[in-house]
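Got your viewer open? Load the model and keep the selection box handy.

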Amino acid sequence: MDSSDSQPEVDNKGKGKELQWTQEMDECMIKTFAEQATLGHREEKGFNDQAYDAVSKVLSDRLDADVSKKCINHRLKTLRAEHRMVRTLREQSGFEWDSTKNEIIASDSTWNDYIKAHPESKYCRGRSFKWDSDSLDVIIGNDNSTDGFAIVAYDSGASEPEVEEGKVRQLRWTQEMDECMIKILIEQEKLGRKGDRGFKDQAYSAVTRGLSDFLGVDVSRSHIDNRLRTFRTEYRMFRTLREQNEFDWDPVKNKLTASDSIWNEYIKAHPKFKYYRGRACKWNYESLSIILGDNPATGSFPLACIDSSDSQPEVDNKKKGRQLRWTQGMDERLIETVVEQVRLGGKGEKGGFNDQVYNAVSKVLAERLDVDVGRKHIDNRLRTLRTEYRLFSTLRGQTGFCWDPVRSMITAPVGVWNEFIKAHPEFKTCRGRSCKWDYEFLAIIFGSDHLVIMKSNNINEEADRSSQDLSRKQTPIQQRRFKKPHTSDIVREVMEAVKTQISGLAKSMDGLSFAKKLYSDVMNVEGFSPDFLDRAFEILKRDGHGAEIFLVRNEIYRKRMLEELYQKYADNCGVIAVTYQPPDPWFQSSQALTKTFTQVENATFKTDNSVVKTGEDLSMSPALSPTASLITEATIEISEEKMVNSTSLPVCEEDSNSINCSDPRVLFAIEKFNLKTFKSIVFLDYQKPVDGSKPNECDVAWRFRNKKEKSWRRYLDFRRFRLGIGHNCTYKVTNALRWHSGLNARRPRSRFNSTRSIGSARISPPTTPDEEINDTIPIVGSETAFKKGKYLYYSRGGDYCKGMNQFLWSFLCGLGEAQYLNRTFVMDLSICLSGSYSQSHKDEEGKDFRYYFDFEHLKETASIVEEGEFMKDWKKWDKTRKSKIPVQKVSTYKVTPMQLKKDKSTIIWRQFDAPEPENYWYRVCEGKAANYIQRPWHSLWKSKRLMKIVTEIGGQMDWDFDAVHVVRGEKAQNKELWPHLDGDTSPDAILAKVKEIVHQWRNLYVATNEPFYNYFDRLRSSYKVHLLDDYKELWGNTSEWYNETMLLNDGKAVDFDGYMRVAVDTEVLYRAKTQVETFYNLTMDCKDGINTC
């Protein structure tokens, strides 16, 4: 169980109270005690009652944990023991403290010499301590209230034992206590403190002292003796079985293995060993052999402390009933059998099972495990399984919860768990633990979407339906509408059809051809980003059966399969794409991303010259604006029907060569032609056609969106069409001219004084800023509105002039904190472009955020105010009013957003004045804060001005092009990490490889960092080659982009820098019909260097 996620378990039994401390509770307690110490609530003998009350209140409010002063005192003893270990070692000569790793470090010789003199310190060597030493210094200081300590390395939550008062003092041993005792006894055995009849008094004293100092538990010699008897019983039973020739020992699983027949025969002769079948030894066997190996046997085998989940079934005969204890092996056989029976139609409409199911389970358990069970036993066990399934299936359907298929458990932020458990306490037991049984199998048995086959004329449709994910839920009404399976013959027929198709695929294709077929089919599914499809291909390829099922399905079920895959890995889990090349865009947590970005412990981001992923790349399906409507064949037919019913149609002359462009039938013909010709774009709305330059020509403009773009943004095209008139005045498009050829239909252009070309009298034509781009800076408003607002202001930190990936990682951290605190984020639009993107290779300040990102979309989805406007209003208020604006200055990132949640100041001003890396913005969102702060990636889109250039390039190739991505530059020169890259990306090698994938004389766009334009001339012998520099006019001094960015830059020209080039190159690559990648198609080298594939 992950302590960071688990809820503390509190059980009241007898007079004692057992509390399992989690990492969250420890951190919360330590921080609260540190605050109380600074407030003077720590006296000579310890903390006063006010401090304890404060800790209890914080634990109750934040973590919903009810703890008493006694529980806190016990935990303080554990902290004190840890602190004294660290302090003692830090005072020794030759030892140093590594605050980054929270660990004591020293040379091997220093450690060896010290451990010889102080054997108990061996457990501190090479391990990180559980709590922050500096924080313990504040709350414990030089407290020497306990004498001596045993240094033992544990990290399991430190639960306190339960002690019950009475005539005999009973002690409940925890796992921590067992491990502590075993390790100390092993050390004592090595010191020669074990005799022929057992351990000597010094060994018992060492165990007593160690348990007391480290865990705060007082034990007597009789307690230790009793526990040793339990150990001895376990050890002797496993040793006896290991000595049998038929049994094998698995050291990894710490258990015995043998065939079912051997187990059955041996248990018939030795019934007492049935409890050890199929379960692991409760403690490490090798450790037990060290402390108990030479001890003589005493008495019989008392089978104590048997784990019910692992033991052989225990049957007790009582007056009226017969109780059965189910083991893991029995559960597995039960579930496997019931799943098989359900697939054969053994489950009825109401969820019950027929007699064949019960008979099959009884037979399997009797034959394989020699266990006799009745129908009542099976029903009782099924109720237990059903309860488990319902708990987990309910949680999977809640917003904010995510299913982890690897660990088979529900995950969610701590705050989400706490709120849900307050409303639904019965789900507390599901927090932080895995499902006890395989959830997918439980879904087949109890889910409403179990395998159902109905009659159909299309066998492929049945195969698709039969292989759907069985974990989807349905409403009770839908459940009642399900038909009962007709016969098992239909099931077998369908499954045989699926097997036939799969085997046919396997026979017809070798491994490489199969992979190419799978990759092509996956990448052709519409509605997903290319990154996700590429990652989905990897997942399906690793899961051979998943790949085969995908290939035999039709288009509808393929898309549904990918949607379910998307939801499994990206829905409600905060899983976010961050960069184009690495990290992995879909399966990285925030902690993993930070680790991927950093090279050293001080969190310096790696240099990455690729384009950064933004919000529109992460959407599963394109989102249309509320006013957008798609033009499809269905909508055209509806419009035509309305037109036929109209009596005001224009007069048409079939013999005339002149086209009446205002006739609605002309627009219908053009719409149909576009749908058939330009299949990669979505048409949103058309303007009325106007006359072209000739009688048979019409110009028309329309708004559209590329299918591979996930934002709702619209783009404009206007083209000239040549049309002919057929029978009954049916219009037909005979020819469509190129991109932006319909000049008479383009929008009216406003007057703009453009600059004159140097050395030429030609003046650039006037252009119009896109009326859909709103880059205006939001203002606060009146002084009263400013005073009523709540703001979060970040001063400039160490992220300035770093790479674009670090800038965005930090910027979105600040924006996420503002949203968490329900405040307006004060944003500096001026950014510094790293030298890795500039032609001068020097950092360039004064770049406008709006050059690279969509400021309008950011304003619509997040509460922001520009820094200049904000500072102006702030100064104006302070000058005109006597009362100053309340400001909370925060000087360190270590003050968490959770601590600022209730702050009522108008302005929270985070100041980042510390040296690097302490002054990075993203440090605010690390650690505990990562559970609360969600970076709003959906608010960040690429600049529409850059995306319009992408659209222009694609449009000039009529959206019918392929692309090759050629990575050279420094990587091609580094022979150590990429030994083959230079040769594999030579002109001849590229041409040979591309010919294998792309048909000749197609439009081929080359996205590359190769600086020499003529490097790809070899490709021109077989393809219509296009490079980014072929479209310089799109950002030159006659372009719309040039004039609009000048307006943002106070009339000064803006360079089309390296980051803009990479962004445009990458987006054009995404829109290609076939994409040839460097590290997947051109070379055998790994993308990140040798041995990293």
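Of the 1093 residues in the protein, 49% are buried (under 20% relative accessible area; over 50% is exposed and in between is partly exposed, with a 1.4 Å probe and protein chains only). Keep in mind that this is a predicted model: local features need pLDDT of at least 70, side-chain atom pairs count only at pLDDT 80 or more, and totals for chains, interfaces and linings use all residues. Numbering runs from 1 along each chain as its sequence is written, and side-chain values use heavy atoms, leaving out hydrogens and water.

Switch to cartoon: you have 38 helices and 32 strands to wander through (DSSP runs numbered from the N terminus, H or I of at least four residues for helices, E of at least two for strands).

Now select 907-910, strand β28. I907 and W909 are buried on one side, I908 and R910 on the other, so both faces are covered, given that buried means under 20% relative accessible area.

Add 791-794: that's β22, paired parallel with β28 over four bridges (strands pair if DSSP finds at least two bridges between them). L792 has I908 as its bridge partner. Then add 887-890, strand β27, also parallel to β28 and joined to β28 by four bridges. Here Q888 stands opposite I908.

Next stop: an open sheet of four strands, ordered β31-β30-β29-β32 with parallel pairing. Its edges are β31 (1024-1027) and β32 (1075-1076), each pairing on one side only. Zoom in on β29 (962-966) and β30 (1003-1008), which run parallel with five bridges between them; pick V964 and you'll find V1006 as its bridge partner in β30.
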